Amino acid sequence: MKLTGAQIFFECLKKEGVEVMFGFPGGAVIDIYNEMPNHDIRHILVRHEQGAAHMADGYARATGRVGVCLVTSGPGATNTVTGIATAYMDSVPMVIFTGQVPTALIGNDAFQEVDIVGISRPCTKHNYLVKNVEELATVIKEAFYLARSGRPGPVLVDLPKDVLQAQIEFRYPKRVELKGYRPTLDAHLGQIKRAHDAIAKSKQPVIYAGGGVIISSANKELTRLAELMQAPVTTTLMGLGAFPATIEGPTGNRELNPKWLGMLGMHGTFRANMAVSHADLLLAVGARFDDRVTGKIAGFAPNAKIIHIDVDPTSISKNVVVDIPIVGDCKNALEKLIESFEKDPLKDLETVRAPWFKQIEDWRTNFPLAYKQEPDIIKPQFVVEKLYELSNGNAIITTEVGQNQMWTAQYYHFNEPRTLLTSGGLGTMGYGLPAAIGAQVAFPDRLVIDVAGDGSIQMNIQELITAVCNCLPVKVAILNNKYLGMVRQWQELFYQKNYCATCLDAAPDFVKLAEAYGAVGLRATKPEEVEPVIREAFAVNKPVLMEFVVAQEEGVYPMVPAGKNISEMLLV
Amino acid sequence: MEKNGNGQKHTIGVVVENRPGVLSRVVGLFSGRGFNIECLTVAVTNEPGQSRITLVTKGDQQVLEQIVKQLNKLINVIKVIDFREVEFVNREMALIKVKADQQTRAEILRIVDIFRAKVVDVSPNFYTIEVTGDDGKIAAILELLGQIGVTEVARTGKVAMARAKKH
């Protein structure tokens with residue numbers, strides 16, 4: 001039996017196991033929407049296409065599955081670009097379907113026509129314009145395969161209207177044949193041996209893990225290897241959750257994991273940055289030596305032999321030249337290293353490592369993460385600590401971008417992978433709320449919290465109605481300092497307090513705004529109100545906007561000024 | 001780090017799937033990442049569905065390494081031939097329009113002869129010359145003809161091929 005392109009679209013999605021997509025209709029994709037009621041794939045109607053892209057992203061990061069969004073041509077497509085670039089920078093598996101004008105009109109400046117394949121080329125892993133219905137199923141199959149395999153990423157598929165209307169026998173290809181795409185997953189044993197030998201010689205090793213560990217579900221392996229190496233672990237922002245920040249203490253309480261250094265980099269902990277700066281060996285796993293991590297390149301891990309495991313060869317020796325590159329899937333490489341150390345264990349580890357851990361402990365106690373509590377004004381860090389405490393560390397946290405994001409990274413302890421969803425690479429304000437909605441769709445029974453700033457939250461606030469009408473009880477904690485806080489902090493420190501265009505004292509009443517959307521609005525203005533507000537928000541089974549009126553000019557510390565070595569931190 | 005300022009010229013061969021937009025992916029990669037393209041040629045090969053791009057770029061070893069890796073990462077790129085690693089032959093063709101009058105015609109023809117070039121078009125005041133060779137040869141003939149009066153040059157850009165193994 002012949003099927004239309006629109007019908008084939010749904011058959012392909014079913015074959016790929018897609019359960020939900022996030023979208024917004026328009027003329028070019030009406031045929032898909034017309035077919036939608038005949039299929040039981042859930043569709044979440046967003047209020048802005050950027051929201052759809054971030055929701056698919058949040059869904060993908062929370063589950064590890066491919067997130068799907070569907071938008072129309074022209075502005076529908078261009079509105080997803082920020083969301084696509086966000087996913088690309090953080091290696092998030094996504095397939096974005098965009099409508100396109102009929103093939104006969106392509107290139108004619110038709111109504112709602114845009115060359116989205118051209119526009120999205122630099123921010124997708126790959127993209128396709130489907131020229132005829134014969135290739136539709138193959139393209140969709142390839143798109144999902146590319147999105148989830150190797151180093152994952154977003155893949156865009158542009159669907160002209162006539163292709164969706166044309167008919168053909170439906171056959172789904174069994175296999176994908178891509179001559180130019182063979183990701184190296186299997187780590188080379190010779191390199192593993194070299195890494196083993198280098199690690200065996202080291203006295204002050206540090207493991208530096210990134211988002212790749214989470215993507216390849218290698219967190220257990222990372223923990224095991226840290227055990228076998230007796231090495232402290234730091235992670236990037238993207239890697240938070242790959243290594244347990246806390247462990248169960250003797251009394252059954254959670255306490256800080258002695259191997260955990262905290263995040264490194266521009267707003268990393270003192271001990272993490274100092275440990276990397278003094279390490280004689282750095283094992284980088286699924287991280288890419290981003291400038292926010294390394295600071296001045298020449299001063300990054302200056303004494304360390306560097307081993308780098310990454311599935312993407314372009315990440316290796318891109319910014320920092322490494323001594324032992326290992327191309328492969330993180331999990332595969334870590335398993336091989338574990339096997340190697342189990343067979344040939346390191347000797348006298350306790351004695352060899354004792355001075356190193358003593359040094360790290362000194363750094364931690366002398367320069368802990370800290371802020372000054374005040375009686376009458378809420379400190380933003382205090383709010384994050386309370387969110388951690390009252391959620392028992394079990395929430396899925398999303399963030400916006402800026403100070404709210406850094407305080408979350410510093411003061412919420414992440415123990416499990418896929419519990420922090422944040423725009424690390426692109427730094428997209430407006431990411432947190434839609435990402436939280438995407439995560440809540442995947443996990444309706446879990447507590448999902450977006451830690452937001454008063455600036456960021458307004459960038460995609462329209463999606464609050466998406467949460468309300470789909471009964472997705474996300475909690476938003478707005479740390480309202482009436483500033484674009486991170487930019488203000490830079491102006492304070494490096495631009496003589498010239499607070500140009502960063503003051504947001506003209507703001508909506510967030511409580512009324514929440515109520516206008518049919519959500520619950522709560523406000524805390526004093527420290528003692530923080531806990532009751534959070535408890536109330538957690539207790540109600542509806543979306544909640546919590547506004548915390550916080551200290552206006554609080555800064556994020558430690559801070560490594562741009563261009564400095566990461567050991568040169570400003571401390572409060 | 002300055003990406004392109006220093007460093008030597010390098011020739012890279014890129015075998016790609018012959019599909020719409022592939023060239024733009026390759027070129028976009030260079031412009032988007034601040035890599036340099038000195039010249040670029042592209043045409044179909046003997047394999048159906050495959051085209052071959054030869055490009056010349058400039059950069060230090062680390063940049064070159066990135067270029068090769070980034071090219072390999074493109075889904076439509078089937079193979080990257082890094083001519084740093086192998087011996088290769090390379091050729092380029094140039095069409096050169098040169099002023100030719102009573103006094104200079106004989107000299108031009110002598111130069112053409114020495115370089116095994118060809119005169120492919122003649123008009124009362126101009127010769128158009130076709131010459132094939134490597135960088136050095138093209139530069140040399142341009143230098144000589146330049147002294148007489150070159151008015152227009154069109155070059156194909158370089159094509160390159162690794163030498164076959166001796167046994």
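**Exercise 1. Chain B: range of contacts and order of elements**

Find what share of the contacts in chain B between residues at least 6 apart in sequence join residues at least 24 apart, and describe the make-up of the chain.

Solution.
Step 1. In this predicted model, take the contacts in chain B between residues at least 6 apart in sequence; 74% of them join residues at least 24 apart.
Step 2. List the elements: chain B has 4 helices and 9 strands.
Step 3. Read them from the N terminus on, which gives β-α-β-β-α-β-β-α-β-β-α-β-β.
Step 4. Turn to burial: chain B has 167 residues, and 25% of them count as buried.
Step 5. For the extent, use the principal axes: the C-alpha atoms of chain B fill a box of roughly 55 × 40 × 40 Å.

**Exercise 2. Chains A and B in contact**

State how many residues of chain A are in contact with chain B, and sort the chain A side by class.

Solution.
Step 1. Count on each side: 13 residues of chain A are in contact with 17 residues of chain B.
Step 2. Sort the chain A side: 6 residues are nonpolar, 4 are polar and 3 are charged.

**Exercise 3. The sheet that holds β9(A)**

Work out the strand order of the sheet β13-β10-β9-β14-β15-β16 (chain A), its edges and the surroundings of β9(A).

Solution.
Step 1. Write down the order: 6 strands of chain A, β13-β10-β9-β14-β15-β16, form an open sheet with parallel pairing.
Step 2. Find the edges. β13 (260-263) and β16 (324-327) of chain A each have a single partner strand, so one side of each is left without a neighbour in the sheet.
Step 3. Add the twist, which averages 15° from one strand to the next.
Step 4. Follow β16(A) to its partner: β15 (residues 305-310) of chain A pairs with β16(A) in the parallel sense over 4 bridges. Here A:Ile307 stands opposite A:Ile324.
Step 5. Go to β9 (residues 205-209) of chain A. This strand is joined to β14 (residues 281-285) of chain A by 5 bridges and to β10 (residues 233-235) of chain A by 3 bridges.
Step 6. Pick a residue pair for each partner. A:Ile207 stands opposite A:Leu283 in β14(A), and A:Tyr208 stands opposite A:Thr234 in β10(A).
Step 7. Check burial: 5 of the 5 residues of β9(A) are buried. A:Pro205, A:Ile207 and A:Ala209 lie on one side, A:Val206 and A:Tyr208 on the other, and both faces are covered.

**Exercise 4. The sheet that holds β19(A)**

Give the strand order of the sheet β18-β17-β19-β20-β22-β21 (chain A), its edges and the helices that lie across its strands.

Solution.
Step 1. The order is β18-β17-β19-β20-β22-β21 (chain A), an open sheet of 6 strands with parallel pairing.
Step 2. The edges are β18 (420-421) and β21 (520-524) of chain A; each has a single partner strand, so one side of each is left without a neighbour in the sheet.
Step 3. At one edge, β21(A) is joined by 5 bridges to β22 (residues 544-549) of chain A. The bridge partner of A:Val520 in β22(A) is A:Val544.
Step 4. Place the helices. α17 (residues 403-411) of chain A lies across β17 (396-399), β19 (448-453) and β20 (475-480), running at about 130° to β19(A). α18 (residues 432-442) of chain A lies across β17, β18, β19 and β20, running at about 180° to β19(A).

**Exercise 5. Helix α16(A)**

Determine how many of the residues of α16(A) are buried and what these pack against.

Solution.
Step 1. α16 (residues 380-390) of chain A has 11 residues, of which 8 are buried.
Step 2. Among the buried residues are A:Phe382, A:Val383, A:Leu387 and A:Lys386.
Step 3. The buried residues pack against α17, β19, β20, α22 (527-539) and β22 of chain A.
Step 4. Just after the helix, A:Asn392 takes a positive phi of about 55°.

**Exercise 6. Two packed helices**

Classify the packing of α3(A) and α18(A) by angle and by hand.

Solution.
Step 1. α3 (residues 49-63) of chain A packs on α18(A) at an angle of about 50°, and the axes are 7 Å apart.
Step 2. Angles of 65 to 115 degrees count as roughly perpendicular and those under 35 as roughly parallel; the two helices are therefore oblique to each other.
Step 3. The crossing is right-handed.
Step 4. The contact includes A:His54, A:Met55 and A:Tyr59 of α3(A), and A:Ile437 and A:Val441 of α18(A).
Step 5. By class, the residues of this contact divide into 11 nonpolar, 5 polar and 1 charged.

Note on methods:
Residues are numbered from 1 along each chain as its sequence is written. Chains are lettered from A and ligands numbered from 1 in the order in which they are written. This is a predicted model: local features need pLDDT of at least 70, side-chain atom pairs count only at pLDDT 80 or more; totals for chains, interfaces and linings use all residues. Two strands pair if DSSP finds at least two bridges between them. Two residues are in contact if their C-beta atoms, placed from the backbone, lie within 7 Å. Axes are lines fitted to C-alpha atoms, for helices over the stretch in contact, and angles run from 0 to 180 degrees between N-to-C directions. Ala, Val, Leu, Ile, Met, Phe, Trp, Tyr, Cys and Pro count as nonpolar, Asp, Glu, Lys and Arg as charged, and the others, Gly among them, as polar. A residue is buried if 20 or more other C-beta atoms lie within 10 Å of its own, exposed if 12 or fewer, and partly exposed in between; C-beta atoms are placed from the backbone. Angles under 35 degrees count as roughly parallel, over 145 as roughly antiparallel, 65 to 115 as roughly perpendicular and the rest as oblique. A crossing is left-handed if the near helix is turned anticlockwise from the far one by less than a right angle, and right-handed if clockwise.
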